[in-house]
Amino acid sequence: LCKKSTFDACRATELPTKPSIATEEQKNAYLQCVWDCFESNTLEWATPQEDEWSQKIQFQDDHCTYATMEPLTKIGKDGHIWRFTPIPDSLQVTNGGEGKCMWDSVTSFSNPKAKDEFVSSFGNQNFCDWGADSHAPYDWHVFDKVIIPTDLEEGEYVLSWRWDAYMADQMWTNCADVTITAATNPST
């Protein structure tokens with residue numbers, strides 16, 4: 001999580017007005033500036049709490065139809081904790097790769113429809129990672145909760161994340177603009 005003003009300052013201070021003419025040294029300085037900004041606020045994963053999820057897979061855009069999952073993590077560079085997607089690729093676990101069988105990660109279903117759709121997409125408990133949608137689960141969305149530090153200054157930020165592919169030499173990155181505001185106390 002990088003403060004937007006700091007993110008923008010990296011460009012203003014490290015790159016020329018016309019970035020396309022930047023030297024290799026200027027590009028490297030800019031990338032280091034941005035990297036340092038994101039590394040200064042690495043968010044931690046929320047841990048599962050009673051009656052709450054910290055990772056779930058939701059069916060389509062139906063916020064009431066989901067399976068809560070037990071997150072699988074590993075320690076990465078500099079002690080940062082990486083979280084696995086709860087949906088392994090086809091035959092990934094069966095063939096000895098990282099991850100868990102789908103059913104080994106499920107902790108609960110939000111309703112009967114969630115379980116029915118899950119079985120339709122990923123198979124019953126006899127299936128590990130070779131259900132109909134194991135490779136391309138288009139109808140399912142992964143949600144992970146993170147902890148926002150309470151001492152984080154309000155304002156605009158850039159959130160960055162990375163997704164490493166299990167079965168291919170691929171890495172996917174993305175960013176999103178987010179606004180951090182003070183929590184409001186619920187009225188009593």
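These are my notebook entries on a predicted protein model.

**Entry 1: the whole chain**

I began with the overall counts. The protein has 4 helices and 11 strands. I looked up the extent of the C-alpha trace, which spans about 60 × 55 × 30 Å along its principal axes. Of the 188 residues, 28% are buried. The accessible surface comes to about 12400 Å², and carbon and sulfur atoms account for 51% of that surface. I also checked how far contacts reach along the chain. Taking contacts between residues at least 6 apart in sequence, 59% join residues at least 24 apart.

**Entry 2: the sheet of four strands**

Next I traced a sheet. Strands of a sheet pair through backbone hydrogen bonds, in a parallel or an antiparallel way. Here 4 strands make an open sheet in the order S7-S4-S3-S8, with antiparallel pairing. I noted S7 (106-109) and S8 (140-144) as the edge strands, since each pairs on one side only. From one strand to the next the twist averages 25°.

I then went through the pairs of strands. S7 and S4 run antiparallel and are joined by 3 bridges. Ala 67 has Phe 109 in S7 as its bridge partner. S3 and S4 also pair in the antiparallel sense, over 3 bridges. Lys 56 has Thr 68 in S4 as its bridge partner. S3 (residues 55-59) pairs with S8 over 5 bridges, again in the antiparallel sense. In that pair I found Ile 57 opposite Val 142 of S8.

The hairpin of S3 and S4 has 6 residues between its strands, and Gln 60 takes a positive phi near 50° there.

Which way do the residues of S4 point? Tyr 66 and Thr 68 point one way from S4, while Ala 67 and Met 69 point the other way. All four of these residues, Tyr 66, Ala 67, Thr 68 and Met 69, are buried.

I also looked for a helix against this sheet. Helix H4 (residues 112-122) lies across S3, S4 (66-69), S7 and S8, and it runs at about 115° to S8.

**Entry 3: the sheet of three strands**

A further open sheet has 3 strands in the order S1-S10-S11, with antiparallel pairing. Its edge strands are S1 (2-3) and S11 (171-180), each pairing on one side only. S1 and S10 pair over 2 bridges in the antiparallel sense. Cys 2 has Val 158 in S10 as its bridge partner.

I looked up Trp 163 in S10 (residues 155-164) as well. Is Trp 163 buried, partly exposed or exposed? Trp 163 is partly exposed, because its relative accessible area is 44%, and the partly exposed range lies between 20% and 50%. Trp 163 also belongs to a nonpolar surface patch of about 330 Å², made with Val 142 and Trp 172.

**Entry 4: two loop residues**

Asn 111 sits in the loop between S7 and H4. With a relative accessible area of 23%, Asn 111 is partly exposed. Leaving aside neighbours within four places in sequence, I found Asn 111 in contact with Cys 64 and Thr 65. Asn 111 and Gln 49 are 62 residues apart in sequence, and their C-alpha atoms are 19 Å apart.

Asp 51 is in the loop between S2 (44-45) and S3. Asp 51 is exposed, because its relative accessible area of 76% is over 50%. I looked up its distance to Phe 109, 58 residues away along the chain: the C-alpha atoms are separated by 12 Å.

**Entry 5: salt bridges**

How many salt bridges are there? The count comes to 8 salt bridges, and I looked up three, as follows.

Asp 62 forms a salt bridge with Lys 113, with the closest N and O atoms 3.4 Å apart. This pair links distant parts of the chain, since Asp 62 is in the loop between S3 and S4 and Lys 113 is in helix H4, 51 residues apart. Asp 62 is partly exposed at 24% relative accessible area, and Lys 113 is partly exposed at 38%.

Glu 70 and Lys 100 meet in a salt bridge of 3.7 Å, N to O. Glu 70 lies in the loop between S4 and S5 (73-75) and Lys 100 in the loop between S6 (81-83) and H3 (102-105), so the pair ties together parts 30 residues apart in sequence.

Glu 98 forms a salt bridge with Lys 74, the closest N and O atoms being 3.5 Å apart. Glu 98 is in the loop between S6 and H3 and Lys 74 in S5, so parts 24 residues apart in sequence are tied together.

Definitions and conventions. Residues numbered from 1 in each chain as written. Predicted model: local features only at pLDDT ≥ 70, side-chain atom pairs only at ≥ 80, totals over all residues. Heavy atoms only, no water. Pairing = 2+ DSSP bridges. Axes fitted to C-alpha atoms, helices over the stretch in contact; angles between N-to-C directions. Contact = heavy atoms within 4.5 Å. Patch = residues over 30% accessible without salt bridge, like charges linked within 9 Å, V, L, I, M, F, W, Y side chains within 5 Å. Areas by Shrake-Rupley, 256 points an atom, 1.4 Å probe, with all protein chains shown as cover. Salt bridge = Lys/Arg side-chain N within 4 Å of Asp/Glu carboxyl O. Buried < 20%, exposed > 50% of the residue type's maximum accessible area, 1.4 Å probe, protein only.
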